[in-house]
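Biologist: I am new to reading structures, and I would like a close look at one single part of this model, with the reasoning spelled out. Please start from that one part, and then set it within the rest of the chain.

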Amino acid sequence: MFKKIWTPDMIVEIILSANGKEPLNSHYFSTTHPQVYAAAERIFGSWGNAIIASGLDYNAIRKYRIWSKMRIISAIKKRYRNGEPLSSQQVQNSFKSLYMASVHHFKSWGTAIRMAGLDYDSIRMRRSMTEQQIRDEIRRLYHNGEDMAYSNMRKNHQYLLAYGMKKLGGGSWAEARRACGITENYRLRPDKRQTRSRMQMTQLELF
């Protein structure tokens, strides 16, 4: 059997191809890709030097060590409450250490999202919602008798509250409601909202 001959370029190429897809810390690579790790240590003197030679910030990569599973879940829930993006690409761009720690501890970003009690399939779908889709969803809730007050939306429909405020209301939920034609009776209980006049319903649908 021929022994594989490693070169610096080969190791750098493997590191860069794994960047964003797998953790790049020394523990992960030494246990998951031991041959690559051993070759990197032999050629570059250390795994950290190999990372630096690839043009990456090893200090940032090492930060995964301060993350526990509970801290990861807490950070994900906080982003959700604040209406911040939770798709894998957006988190990689804005919060790389959280993403990499999630991959390390949970094996994938989607699994980390699910461990936080969130529906990752719907999160991936919601990232591409258009303004019209947001309007339609807000109106659907309203027609179904949902309490459209800020407090209830924050409690039960955070993603829609965040998208509505951002894309329709210029930061205001009241303005987002108005942009959907909802100007009154948005706090009524479902049984009372059923008594809305047919004319009001028709005007809202045509808005």
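Modeller: Tyr58 is found in helix α5, which covers residues 58–62, and everything I say about this residue and the others refers to a predicted model. Tyr58 has a relative accessible area of 13%, and because a residue counts as buried under 20%, Tyr58 is classed as buried. Which residues does Tyr58 touch, not counting those up to four places away in sequence? They are Leu24, Ser26, Trp47, Gly48, Ile51 and Ile52. One of these, Trp47, is 11 residues from Tyr58 in sequence, while the C-alpha atoms of the pair are 9.3 Å apart in space.

A second buried residue can be read in the same careful way. Ala176 lies in helix α14, and with a relative accessible area of 0% Ala176 is buried. When residues up to four places away in sequence are not counted, Ala176 touches Gly164, Met165, Leu168 and Gly169. Ile138 is 38 residues away from Ala176 along the chain, and their C-alpha atoms are separated by 9.1 Å.

Helix α14, made of residues 173–179, also holds a charged pair, Glu175 and Arg178, which lie 3 residues apart, about one turn of the helix. An α-helix has 3.6 residues a turn, so residues three or four places apart point the same way. Glu175 and Arg178 form a salt bridge, in which the closest N and O atoms are 2.7 Å apart. Whereas Ala176 is buried, Glu175 is partly exposed at a relative accessible area of 37%, and Arg178 is partly exposed at 41%.

The structure holds 3 salt bridges, and helix α11 offers further pairs to look at. Within helix α11, residues 131–143, Arg135 and Glu131 are 4 residues apart and therefore separated by about one helical turn. Their salt bridge has its closest N and O atoms 4.0 Å apart, a value that still counts because the cut-off for a salt bridge is within 4 Å. Arg135 is partly exposed, with a relative accessible area of 21%, and Glu131 is partly exposed as well, at 39%. Glu137 and Arg140 are also placed in helix α11, 3 residues apart, so that about one helical turn separates them. The side chains of Glu137 and Arg140 meet in a salt bridge with an N to O distance of 2.7 Å, and Arg140 counts as partly exposed at 39% relative accessibility.

From these charged pairs we can turn to a helix with many buried residues, α8, which runs over residues 96–106. Because 9 of its 11 residues are buried, α8 is largely enclosed by the rest of the structure. The buried residues of α8 are Ser97, Leu98, Tyr99, Met100, Ala101, Ser102, Val103, His104 and Phe106. They pack against α2 (26–32), α6, α7 (88–94) and α9.

What follows α8? It is Lys107, whose phi is positive, near 75°, and Lys107 is a residue other than glycine. Lys107 lies in the loop between α8 and α9, the latter being residues 109–115. At 66% relative accessibility Lys107 counts as exposed, whereas Phe106 is among the buried residues of α8.

One of the helices that α8 packs against, α6, also contributes to the surface of the model. Lys77, Lys78, Arg81 and Arg154 form a positive surface patch, and the largest share of that patch, 3 residues, comes from helix α6, residues 69–81. Arg154 lies in helix α12, residues 150–156, and is partly exposed, with a relative accessible area of 35%.

To place these parts in the whole, the protein chain has 16 helices and 0 strands. Buried residues, such as Tyr58, make up 42% of the 207 residues in the chain. The chain exposes about 12,200 Å², of which carbon and sulfur atoms supply 51%. Among the contacts in the chain with a separation of 6 or more, 57% are accounted for by residues 24 or more positions apart.

How values were computed:
Residues numbered from 1 in each chain as written. Predicted model: local features only at pLDDT ≥ 70, side-chain atom pairs only at ≥ 80, totals over all residues. Heavy atoms only, no water. Helix = DSSP H or I, 4+ residues; strand = E, 2+ residues; numbered from the N terminus. Buried < 20%, exposed > 50% of the residue type's maximum accessible area, 1.4 Å probe, protein only. Contact = heavy atoms within 4.5 Å. Areas by Shrake-Rupley, 256 points an atom, 1.4 Å probe, with all protein chains shown as cover. Patch = residues over 30% accessible without salt bridge, like charges linked within 9 Å, V, L, I, M, F, W, Y side chains within 5 Å. Lys, Arg positive; Asp, Glu negative; His and termini not counted. Charge placed at Lys NZ, Arg CZ, Asp CG, Glu CD.
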